[in-house]
Amino acid sequence: MSEKPKRSGAGAGLGDVPFEELVAEMIRRLGDDPDREGMRRTPERVAEAMAFLTKGYTEKPDVVLADALFEESHQNMVLVKDIEVYSMCVPAKQIVNVVGGAKSAARVRVGDRLWTLHDGRVTQTTVTEVSSRPARGLVEVETDEGTFRVTPDHPVATPSGWVEAKNLEGCAVEWTNPRSLCRKHYAPAVGCELGYAIGAVCSDGTVGDRSLSLVVNDHDFARRFAGCLTRAFGVAPVIEPVSRPSGFPEREVPGFRVRVVSSYLANLFRMWLGGDAHHMSQTFPRVVLNSRDCMQGFIDGYLDGDGSRVTQGTGSVIVNANAPFLVDFADAIDARFTPRVSGTSQLYVTDRWNQPGWFGKHGFQQEDHRTTLVESQFVAVRGVRPVSAAGKKPFRVYSYKCSPHPTFLVGGHLTHNCEHHLLPFFGKAHVAYVPNGRIVGLSKLARLVEVFARRFQVQERLTEQIAQALWDTTQPQGVAVVIEAYHLCMMMRGVEKQNSKTITSAMRGVFLEDQRTRDEFLRLTTSAHRPLS
């Protein structure tokens, strides 16, 4: 008999034990004889089938998409419908981050809102279904920011994607500070007012741990800054009279302070300024390049705080010892600038910077930068320890189905709740994207679904993985994925519901932000709908 080929994926076996022997042992434990006539080749067939069903482990989604990327200028939605899909929890006392106050997992109810992270931003998701089951074993995961307990197969977010809790040793996991979950969030309006506020803070402001402030002599400057903060963020700063030391007269002089207490805004400005708000180490805030008006506002705010008009010509001069900051500033407005080797440098800002072709270079180059705060970070896992139930009583663990996001926070750590039955689910996937200069071959979208489906999967994770891979590799304006599937874990076991269909979705970019685009996608995926069977 010829030697059997080596297999990858699930068919490779467990350790040094051939997979066929494991299947034979399973048959014996079920009460049958693997050596009887008609059963002898079953272990081999099962091993081959398992290798086929899990072949997605050996394929890389970025390679699948990158091989078929084309430059294309159109921005119409690309939708591939009806791609066939076929694929294969938290202990009672564990604290879950619930909106309105943390709760133990056993106290979470349908309708509760849980905190989660989406694209690094704290948001909410709603519990639509709660189930529980006994479990003999858990794992305790210790990170730099705390400890939590979950079932061994509970997925946790890492830089490389979702990793089961039992395999987190040596990884980093996504985390946000639970104490900051309830703070007010601000989504600024991009325009002249936002730019002015950033410029004023860059030139003459202070960013504290939990506040923004500006102390100046000129009441009009303070009033303009306060007004721009109000129009850009919806806050209501107060202008307070203060005394401030002055070096020239060597005495206290009257001034005005504008102050807003908000750790979110303080962190947001630190993110824009490169993590350090100190004037000598701050970086040029490229967020102001989101629009021409925003850039003009930035120039006005900066010049009001730390600029002076030239005696001849139409422009102003900025004097600053932070040369890298001025280099990027000059490039943004097409200004000629040569930094000095030491000491302060001067940047001339013409009033005509906004005119196309000024200085004969590239003109204003608009960029697209994030305006909301990245609230999560990755923290190191210090250890993963198994925890067994003492005595005869098992642990009681809880699973939550949530919408619109299938994720939630446990002690500030981002997790994805799911359960593995090693039973397949099957159905249809609808994948759409809006290009941003590059398109991908249509067959590759079906191949992408196949890559992730041919693994031990849950539908929620599969939906997210397809959307994220398409988003990361093609960098489109938006991605939308909807999967409709029947689950054998519900049809063959447990509740045994034969006609129960599960629908999951994942949105990115314009599909998440633009209601009309999302509605168009959902309308197209439901039109002329055919049964899954």
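The questions and answers below concern strand pairing and nonpolar cores in a predicted model.

In this model, local features need pLDDT of at least 70 and side-chain atom pairs count only at pLDDT 80 or more, while totals for chains, interfaces and linings use all residues. Residues are numbered from 1 along each chain as its sequence is written, and side-chain values use heavy atoms, with hydrogens and water left out.

User: Which are the edge strands of the open sheet of four strands?
Analyst: Strands are DSSP runs of E with at least two residues, and helices are runs of H or I with at least four, numbered from the N terminus. Two strands pair if DSSP finds at least two bridges between them. The antiparallel order is β3-β21-β7-β6. The strands that pair on one side only are β3 (90-91) and β6 (113-118).

User: Which residue in β7 is the bridge partner of leucine 114?
Analyst: Strand β7 covers residues 121-135 and pairs with β6 in the antiparallel sense over six bridges. The partner of leucine 114 is threonine 125.

User: How many residues lie between β8 and β9 in their hairpin?
Analyst: β8 (residues 137-143) and β9 (residues 146-150) run antiparallel, joined by five bridges. Threonine 143 stands opposite glycine 146. The number of residues between the strands is two.

User: Which element supplies the largest share of the largest nonpolar core?
Analyst: A nonpolar core is a set of buried Ala, Val, Leu, Ile, Met, Phe, Trp, Tyr and Cys residues joined through side-chain atoms within 4.5 Å; buried means under 20% relative accessible area (1.4 Å probe, protein chains only). This core has 55 residues. Elements that each supply at least two of them include α4, α7 and α8. The largest share, eight residues, comes from α5.

Technical notes
Buried means under 20% relative accessible area, exposed over 50%, partly exposed in between (1.4 Å probe, protein chains only).
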